[in-house]
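Here are my notes on the model you sent over. Keep the picture open while you read, and click on each residue as it comes up.

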Amino acid sequence: KELKIRLKHAGMKTPSKSEVVKEVASKYSVDEKQVVVDYIFSVKGIGESFAKVKILREKYETQASQAA
């Protein structure tokens, strides 16, 4: 599943990818390893960002963890 979401963060810094992963995983009741954030784009001056997020059917493993 691919999502394009709007993040409102007035008066705060742009959320990190890990914060977005935790929030999406919680909202959609999936494991955090199934959530991948492609990008977060901040809109200057209005406290909003846009993010492209994917929820995978299987857990996402990085190349480093596959080599171990």
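The points below go from the overall layout to the core, the surface and the charged pairs.

1. **What you're looking at.** First things first: this is a predicted model. The chain has 68 residues, and 28% of them are buried. Its secondary structure comes to 2 helices and 3 strands, and if you read along the sequence you get the pattern β-α-β-β-α. The chain exposes about 5300 Å², with carbon and sulfur atoms supplying 50% of that.

2. **Far-apart residues meeting up.** Take the contacts between residues at least 6 apart in sequence: 51% of them join residues at least 24 apart. Keep that in mind, as a few examples turn up below.

3. **The hairpin.** Have a look at strands β2 and β3. They pair in the antiparallel sense, over 8 bridges. The two form a hairpin with 4 residues between them. In that turn, glycine 45 has a positive phi of about 85°. To get your bearings in the pairing, find tyrosine 39, which stands opposite lysine 52 in β3.

4. **The core.** Which residues make up the largest nonpolar core? There are 11 in all: Leu3, Leu7, Val20, Val21, Val24, Ala25, Val35, Val37, Ala51, Val53 and Ile55. At least two of these come from each of β1, α1 (17-28), β2 and β3. Helix α1 gives the largest share, with 4 residues. That fits a broader tendency: in soluble globular proteins, nonpolar side chains tend to be buried together.

5. **Leucine 3, a core member.** Leucine 3 sits in strand β1. Is leucine 3 buried or exposed? Its relative accessibility is 12%, so leucine 3 counts as buried. Not counting neighbours within four places in sequence, leucine 3 is in contact with Val24, Tyr28, Ala51, Lys52, Val53 and Ile55. The Lys52 contact is a nice long-range one: leucine 3 and lysine 52 are 49 residues apart in sequence, but 5.8 Å apart from C-alpha to C-alpha.

6. **Leucine 7 and glutamate 48.** Another core residue, leucine 7, touches several residues beyond four places away in sequence, including Pro15, Val20, Ile40 and Glu48. Now jump to glutamate 48, which is in strand β3. You might not guess it for a charged residue, but glutamate 48 counts as buried, because its relative accessibility is 15%. The C-alpha atoms of glutamate 48 and leucine 7 are separated by 5.6 Å, though the two residues are 41 apart along the chain. Glutamate 48 also contacts Arg6, Lys8, His9, Phe41, Ser42 and Val43, once its neighbours within four places are set aside.

7. **A nonpolar patch outside.** Some nonpolar side chains are on the surface: Tyr39, Phe41 and Phe50 form a patch there, with about 310 Å² of accessible area together. Phenylalanine 50 belongs to strand β3. At 36% relative accessibility, phenylalanine 50 counts as partly exposed.

8. **Salt bridges, starting with glutamate 2.** How many salt bridges does the structure hold? There are 4. In one of them, glutamate 2 pairs with lysine 52, and the closest N and O atoms are 3.8 Å apart. Glutamate 2 lies in strand β1 (residues 2-8) and lysine 52 in strand β3 (residues 48-55), so this pair ties together parts 50 residues apart in sequence. Glutamate 2 is partly exposed, with a relative accessible area of 47%.

9. **Aspartate 38 and its two lysines.** Aspartate 38 meets lysine 52 in a salt bridge of 4.0 Å, N to O. Here aspartate 38 is in strand β2 (residues 35-43) and lysine 52 in strand β3, 14 residues apart. Aspartate 38 is partly exposed, at 30% relative accessibility. Aspartate 38 also forms a salt bridge with lysine 54, where the closest N and O atoms are 3.4 Å apart. This second pair again runs from strand β2 to strand β3, so it ties together parts 16 residues apart in sequence. Lysine 54 is partly exposed too, with a relative accessible area of 29%. Put the shared partners together and Glu2, Asp38, Lys52 and Lys54 are joined into one network.

Conventions. Residues numbered from 1 in each chain as written. Predicted model: local features only at pLDDT ≥ 70, side-chain atom pairs only at ≥ 80, totals over all residues. Heavy atoms only, no water. Buried < 20%, exposed > 50% of the residue type's maximum accessible area, 1.4 Å probe, protein only. Patch = residues over 30% accessible without salt bridge, like charges linked within 9 Å, V, L, I, M, F, W, Y side chains within 5 Å. Areas by Shrake-Rupley, 256 points an atom, 1.4 Å probe, with all protein chains shown as cover. Pairing = 2+ DSSP bridges. Core = buried A, V, L, I, M, F, W, Y, C linked by side-chain atoms within 4.5 Å. Contact = heavy atoms within 4.5 Å.
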